[in-house]
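This report looks at how a small set of structural features fits together. Please keep the sequence and the structure in view while reading.

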Amino acid sequence: MASGAKSCNEGLDDRCRDMDGEIRQKRGDTLVRTLRETYGPDFAPGVRGDTRLDTLRERYGESLSKIVKGK
């Protein structure tokens, strides 16, 4: 592995796993407009693009994966 290269065991949605093997959660300060780049323009319809993921989770009481799946 090259110096400075990141070692990553990829998992769900190409996210890395933590040291204990669990998939890392998306950061709460990720904006909905950024998530729409990954999950498509229909992600979180009716929600402003500058809404934070942690606000969206509070509003729906769901994890990101459940929000993506449409509950």
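What covers the buried residues of α2? In this predicted model, the cover over those residues includes α1 and α3.

The chain has 3 helices and 0 strands, and read along the sequence it follows the pattern α-α-α. Of the 71 residues in the chain, 23% are buried. The exposed area of the chain is about 5,400 Å², of which carbon and sulfur atoms supply 44%.

The buried residues of α2 are L53, L56 and R57; seen down the axis of α2, these fall within an arc of 100°, so they line one face of the helix. On the other side of α2, E58 and R59 are exposed. After α2 comes G61, whose phi is positive, near 65°.

The largest nonpolar core has 9 residues, namely V32, L35, F43, A44, V47, L53, L56, L64 and I67. The elements that give two or more residues to this core are listed below.

| Element | Residue range |
|---|---|
| α1 | residues 32-39 |
| α2 | residues 53-60 |
| α3 | residues 64-69 |

One member of the core is V47, which, leaving aside its neighbours within four places in sequence, is in contact with V32, R36, L56, R59 and Y60. Among these partners, V32 and L56 also belong to the core, while R59 is exposed on the other side of α2. For the chain as a whole, residues 24 or more positions apart account for 22% of the contacts with a separation of 6 or more.

Technical notes:
Residues are numbered from 1 along each chain as its sequence is written. This is a predicted model: local features need pLDDT of at least 70, side-chain atom pairs count only at pLDDT 80 or more; totals for chains, interfaces and linings use all residues. Side-chain values use heavy atoms; hydrogens and water are left out. A nonpolar core is a set of buried Ala, Val, Leu, Ile, Met, Phe, Trp, Tyr and Cys residues joined through side-chain atoms within 4.5 Å. Buried means under 20% relative accessible area, exposed over 50%, partly exposed in between (1.4 Å probe, protein chains only). Helices (H or I, at least four residues) and strands (E, at least two) are DSSP runs, numbered from the N terminus. Contact means heavy atoms within 4.5 Å. The arc is that of the directions from the helix axis to the C-beta atoms. Accessible areas come from the Shrake-Rupley method with a 1.4 Å probe; for residues, only the protein chains shown count as cover.
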